[in-house]
Amino acid sequence: MTIKFTFFIGIDLAMHIHILGICGTFMGSLALIAKEQGHQVSGCDANVYPPMSLQLEMQGISLVEGFDVKQLDPCPDLIVIGNAMVRGNPCVEYVLNNKIPYVSGPQWLGDNILQHKHVFSVSGTHGKTTTSSMLAKILDSSGLNPGFLIGGIPQDFGKSARLTDTDYFVIEADEYDTAFFDKRSKFIHYSSNTLIINNLEFDHADIFDDISAIQKQFHHLVRTIPSDGNIILPKDCEAIEAFMDQGCWSNKHYFGEGTDGLWRYQLIETDGSKFKIIYDGSNQTEEATVEWRHSGLHNVTNAIAATMAAHTIGISVNQACAALSDFIGVKRRMEVIYSDCNVTVYDDFAHHPTAIKTTLEGLRAKVGSEFILAIIEPRSATMRMGVHGHNLASSVLSADQVMWYQNSAVNWDMADLSQDASLPCSVVNDLENLIEMTRSSIQENTHIVIMSNGGFEGFHRKLLKSFHHN
């Protein structure tokens, strides 16, 4: 092979960028942005499959399945390495042995795109994707045409990322590590101007030993916010205040429920489908009502955080609430994928006990006494390890019945979930059996909530197919 060396940081010249691990949500979205910037983009992954593969191929991005080093001949100008790539991967070893220029995805994005933008970063254990999508919707509805990179597909835009020529960019700021050679959290690279911290709990047990390790990364992030920047956070969150007390040099803005504070919300409908956002500014009070298709207190708090972020650049509460009232939502966030006169099926990404709990509580408030069946695959690394096992039984109390799917990757005995349950509960390890049990559990006005942050081995598709063949 002929190897060429190219200086790559901070230049605008078009180059050939090859991405290792391109089919992940973040890396695939980064590929789209690099393509829109004018680069020739290609990539590879262990499994190249829809929908990401189709999205990339439609943009003229060539994909290779697997990590055969022949794909690096002729040699690209730059290799962008995803955080799923590890030492021992053939392409990684070839890049290192031959000193081919390489960079992590977050660093490439920060150096080449975000340095030149006003960056809105959305962080926290829960609600990042939804809040980022809400914020992008508000900015877009206000005529600001923001770029964005979001860890899901906002249905208001139909794609997970876009690059525009405006000054504004919204990014979902993930605390997961950057790459095998950079163990800092991704969000350190983003040059944030406005930072939302929605909440903080222990997660990602595969890379963090405890919550203090996560708090350390969040304080590194706080240290990168400029003194004229803004940090938006909830009142009375001890896990957040613990690292904020270590030092903050930016403007802080708190939100909460009730009557006190500059920013607050008030529920008009108890299910969160209608609520008011209020800002008591120094010169005048702004307030407006959101009436939308969504429910749950978690979505209300996501909405006020997004409104506050937009307000830092002069967007009024009224403008923000009007945009939120038209907000469609995010794919796989309580997305209705089937509905008839008796059954509604939702696809949801919840992968943590708190997310499961708040999502089911929101649905219960919306549907009243109608039957809720929760079907949950513990698929995140933390859930597969059983770290949250002691909290799972209490997370589903708003449902009427729950079925847990113990796939082959789960390395703890989930049988205790049935013993600890205060509602009908089953642990199932066969997909076909799970489909039959689901069908036999349906009664009048049933809501089936399928929760997984992965493909669930095609369960959604197979269940819906069984309905059509009924």
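**A helix pair and the strands around it**

The crossing of helices α14 and α15 is right-handed. This comes from a predicted model, and the two helices are a convenient place to start reading it. Helix α14 spans residues 431-441 and helix α15 spans residues 459-468; their axes come within 10 Å and cross at roughly 50°. Angles from 65 to 115 degrees count as roughly perpendicular and those under 35 degrees as roughly parallel, so α14 is oblique to α15.

On the α14 side, the contact is made by Leu431, Glu432, Leu434, Ile435, Thr438 and Arg439. Helix α15 contributes Phe459, Lys462, Leu463, Ser466 and Phe467. Sorted by class, the contact of α14 with α15 has six nonpolar residues, three charged ones and two polar ones.

From here the path leads to a sheet. It is open, has six strands with mixed pairing, and follows the order β18-β19-β23-β20-β21-β22. Its edge strands are β18 (335-339) and β22 (425-428), each of which pairs on one side only. From one strand to the next, the twist averages 20°.

Within this sheet, strand β20 (residues 371-376) and strand β23 (residues 446-451) pair in the parallel sense, over six bridges. Leu373 stands opposite Ile448 in β23. Helix α15, already met in the crossing with α14, packs on the sheet and touches β18, β19, β20 and β23. The direction of α15 makes about 25° with that of β18. Another helix, α10 (residues 353-367), lies across β19 (343-348), β20 and β23. Helix α10 runs at about 165° to β23.

Strand pairing can also be followed earlier in the chain. Strands of a sheet pair through backbone hydrogen bonds, either parallel or antiparallel. Strand β12 (residues 194-197) has parallel pairing with two strands: four bridges join β6 (residues 118-123) to β12, and three bridges join β12 to β13 (residues 230-234). In the pairing with β6, Ser123 stands opposite Ile197 of β12. In the pairing with β13, Thr194 stands opposite Asn230.

Which way do the side chains of β12 point? Thr194 and Ile196 point one way from the strand, while Leu195 and Ile197 point the other way. All of these residues are buried.

How values were computed: Residues are numbered from 1 along each chain as its sequence is written. This is a predicted model: local features need pLDDT of at least 70, side-chain atom pairs count only at pLDDT 80 or more; totals for chains, interfaces and linings use all residues. Side-chain values use heavy atoms; hydrogens and water are left out. Buried means under 20% relative accessible area, exposed over 50%, partly exposed in between (1.4 Å probe, protein chains only). Two strands pair if DSSP finds at least two bridges between them. Axes are lines fitted to C-alpha atoms, for helices over the stretch in contact, and angles run from 0 to 180 degrees between N-to-C directions. Angles under 35 degrees count as roughly parallel, over 145 as roughly antiparallel, 65 to 115 as roughly perpendicular and the rest as oblique. A crossing is left-handed if the near helix is turned anticlockwise from the far one by less than a right angle, and right-handed if clockwise. Contact means heavy atoms within 4.5 Å. Ala, Val, Leu, Ile, Met, Phe, Trp, Tyr, Cys and Pro count as nonpolar, Asp, Glu, Lys and Arg as charged, and the others, Gly among them, as polar.
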